[in-house]
Amino acid sequence: MKTRITKTLLDSWNYLFDCAEGQEDNAREEFLTTLKREQTPPNEAQQAGLDFEHLVMEIAEGRFRPEFVTDGTVNSVSGEVMGYDRYPKYYAGAKQIADIVRGGQWQVHVDTDVEVDGRTFWLHGFCDVIKAGVIYDVKFKTKSFNNLDLWHSYSHSSQHCAYLRCVPEAYEFVYLVSDGESLYTEAYDRRNSEPIENIIRNFMNWLKGEPELLQIYEERWVVDG
Amino acid sequence: MIQEGYKLDFSNQTFGVILYGQPGVGKTTLAMSDGNNGADTLLIDLEHGVGRTNPLHRMNCKVLTASNYQEVKKDLETKEAREAKNIVIDTAGALVEYLKQWAMDTQPGAKDRNGNWNGLKGFGIVKTEMDSFVNLIKTVMNKNVIFIFHADEKVDRDGNPIQRLRCEGSFRNTVWTGIDFGALIQRQGGKRYANFIPDDDNPAKGCHGIEGKIEIPDLNAGAQNNFLAWLFDTARANMQKENDAVADVIKGYNKIMEDVKNMVEGVTDADSANACLKAIGNMDHVLTSKKEAGMILTNKAKTLGLTYKKATNSYVAGDAK
């Protein structure tokens with residue numbers, strides 16, 4: 001039996017162990033929702049992330065136009081309506097990222113088969129941007145960086161491990177993290193990324209200890225045909 | 001002057017460096033290790049710590065002391081600052097403190113209605129000025145910039161000690177973006193090391209062949225204080241080698257992407273899309289050009305209302321079954 005596997009599932013599983021104290025129930029609920037492949041509307045933070053990513057894409061592709069706000073006057077000579085350009089709140093942060101990813105391809109579907117302990121997993125997902133051998137992932141934080149310690153925030157994420165496996169031609173994966181104003185980057189290559197096989201193996205071993213969850217996984221993540 | 005990326009000359013490349021560690025481990029001395037007894041270095045001594053270094057190692061170094069940020073910035077216009085190759089900020093945490101005071105004194109938005117520090121807006125102002133200051137040194141003045149940080153020893157959730165950069169505001173995070181090298185300076189078994197290995201416990205960054213844990217020459221045993229000079233020279237030589245080695249790869253990638261864009265531009269219907277798909281499949285791809293080319297064609301096909309059929313690996317008009 002071949003089953004699907006995604007970084008979202010692996011990260012939601014990982015969050016069971018990495019979540020902040022007091023968040024265990026939420027983490028479990030979130031993992032179950034992902035495992036059951038239930039569709040839920042994006043929460044506020046997720047929506048903010050999507051909006052930010054959209055803004056980055058618009059700027060990178062040269063489609064962004066600031067909103068023109070008229071001040072109610074008209075140039076008496078040219079007849080031109082006067083006013084000013086209004087930029088979105090997070091424009092500065094989005095532009096920093098757009099300048100890096102400009103020219104790259106967005107939302108590239110990537111996949112590969114991974115063999116782990118005699119089972120085949122179809123690992124797949126969407127890379128935010130691929131450009132010249134580098135995979136970029138845009139992250140948005142609704143909290144200002146001021147009070148955060150971001151160092152190695154993504155070292156336990158399965159995302160770079162998964163996508164570097166899916167795109168063997170890529171030599172680096174870079175998280176581009178913004179709070180709408182500042183940019184923090186974190187880069188991984190194959191030398192400092194856990195092989196995805198190890199992560200999948202740990203996940204499956206854990207699932208085997210939770211037979212009901214294993215059954216859900218095998219039913220809902222099976223690859224048709 | 002515009003140059004092809006693969007033809008660049010790195011012999012005058014400048015770098016950004018972070019050195020951090022516990023007090024007394026020799027960060028300031030290391031920051032002055034320009035191989036010229038400090039003659040190529042301007043030390044912005046914001047914590048008045050240069051007096052703790054060995055006079056032999058700082059004898060030729062220019063030391064900038066100031067009572068406020070405005071003085072620091074003004075002194076960067078002097079001949080001494082212009083002539084220095086390396087500018088050391090000792091410490092970056094102290095510079096943020098100077099900037100906070102500058103913001104309080106000169107920027108109305110940095111204060112709340114009671115005249116106290118307004119952290120949210122204030123740190124935004126500090127960040128903007130810090131970026132401008134670093135840009136002035138790195139880009140406008142074209143200097144190597146060396147940031148010294150104190151190490152902040154914390155514990156992770158399992159109670160294990162971890163090191164972080166001591167600095168208020170977002171700079172401790174954002175500083176890594178424009179930095180080439182970052183090392184924890186540590187003493188082990190009577191020796192000193194610059195640890196460039198990044199992990200969850202210790203922030204660090206290495207590149208251009210500067211990696212791992214590198215022993216720092218023992219100055220008490222008569223070694224020359226030239227660690228940074230060696231690091232910069234080695235990195236420049238490695239950059240040139242790396243660039244020469246990938247020149248053909250970059251040229252090949254650029255050529256393919258240009259060809260793909262031209263081909264895709266000519267796609268007008270399912271037939272031309274399929275011809276383009278076939279041509280892309282037959283190209284000798286470089287780096288991620290195949291994935292990117294596929295995506296460019298996919299996007300064009302969408303605009304033409306074409307549908308991709310996996311079974312036949314071909315495009316058909318949108319309404320075709």
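The exercises below work through surface, burial, backbone and charge pairs in a predicted model.

Residues are numbered from 1 along each chain as its sequence is written, and chains are lettered from A in the order in which they are written. In this predicted model local features need pLDDT of at least 70, side-chain atom pairs count only at pLDDT 80 or more, and totals for chains, interfaces and linings use all residues, while side-chain values use heavy atoms, with hydrogens and water left out.

**Exercise 1. Describe chain A as a whole.**

Step 1. Start with secondary structure: chain A has 7 helices and 8 strands. Helices (H or I, at least four residues) and strands (E, at least two) are DSSP runs, numbered from the N terminus.

Step 2. Take the extent. The C-alpha trace of chain A spans about 80 × 40 × 40 Å along its principal axes.

Step 3. Turn to burial. Of the 225 residues in chain A, 47% are buried. Buried means under 20% relative accessible area, exposed over 50%, and partly exposed in between (1.4 Å probe, protein chains only).

Step 4. Add the surface. Chain A exposes about 11,600 Å², and carbon and sulfur atoms supply 48% of it. Accessible areas come from the Shrake-Rupley method with a 1.4 Å probe; for residues, only the protein chains shown count as cover.

Step 5. Look at contacts (heavy atoms within 4.5 Å). Among those in chain A with a separation of 6 or more, 65% are between residues 24 or more positions apart.

**Exercise 2. Locate a charged patch and a nonpolar patch on chain A.**

Step 1. Fix the criteria. Patches are made of residues with over 30% relative accessible area and no salt bridge; like charges are joined within 9 Å, and nonpolar side chains (Val, Leu, Ile, Met, Phe, Trp, Tyr) within 5 Å. Lys and Arg count as positive and Asp and Glu as negative, with His and the chain ends not counted. A charge is placed at NZ of Lys, CZ of Arg, CG of Asp or CD of Glu.

Step 2. The negative patch consists of Glu21(A), Glu24(A), Asp25(A), Glu29(A) and Glu30(A). One of these, Glu29(A), sits in helix H2 (residues 24-35) and counts as exposed because its relative accessibility is 54%.

Step 3. The nonpolar patch joins Phe68(A), Val74(A) and Val81(A), which together have about 280 Å² of accessible area. Phe68(A) belongs to strand S2 (residues 67-74) and, at 44%, is partly exposed.

**Exercise 3. Is Ser182(A) buried or exposed, and which residues does it contact?**

Step 1. Ser182(A) is in the loop between strand S7 (172-178) and strand S8 (183-188) of chain A.

Step 2. Its relative accessible area is 1%, so Ser182(A) is buried.

Step 3. Leaving out neighbours within four places in sequence, the contacts of Ser182(A) are Gln96(A), Phe145(A), Val177(A), Lys127(B), Ser170(B) and Thr174(B).

**Exercise 4. Inspect the backbone of chain B at three loop sites.**

Step 1. Between Asp90(B) and Thr91(B) the peptide bond is cis, with omega near 5 degrees. Thr91(B) lies in the loop between strand S4 (86-90) and H5.

Step 2. His208(B) is not a glycine, yet its phi is positive, about 50 degrees. This residue is in the loop between strand S8 (191-195) and strand S9 (213-216), and at 18% His208(B) is buried.

Step 3. Asn313(B), also other than glycine, has a positive phi near 50 degrees. The loop holding Asn313(B) runs between strand S10 (306-309) and strand S11 (314-317), and the residue is partly exposed at 45%.

**Exercise 5. Characterise three salt bridges.**

Step 1. A salt bridge is a side-chain nitrogen of Lys or Arg within 4 Å of a carboxyl oxygen of Asp or Glu. The structure holds 23 of them over all chains.

Step 2. Asp113(A) and Lys2(A) pair at 2.9 Å, N to O. The pair links distant parts of the chain, with Asp113(A) in strand S4 (residues 105-116) and Lys2(A) in strand S1 (residues 2-5), 111 residues apart.

Step 3. Asp99(A) and Lys95(A) pair at 3.0 Å, N to O. They are separated by about one helical turn because they are 4 residues apart in helix H4 (residues 91-101) of chain A.

Step 4. Arg236(B) and Asp233(B) pair at 3.3 Å, N to O. Arg236(B) counts as buried at 16%, whereas Asp233(B) is partly exposed at 47%.
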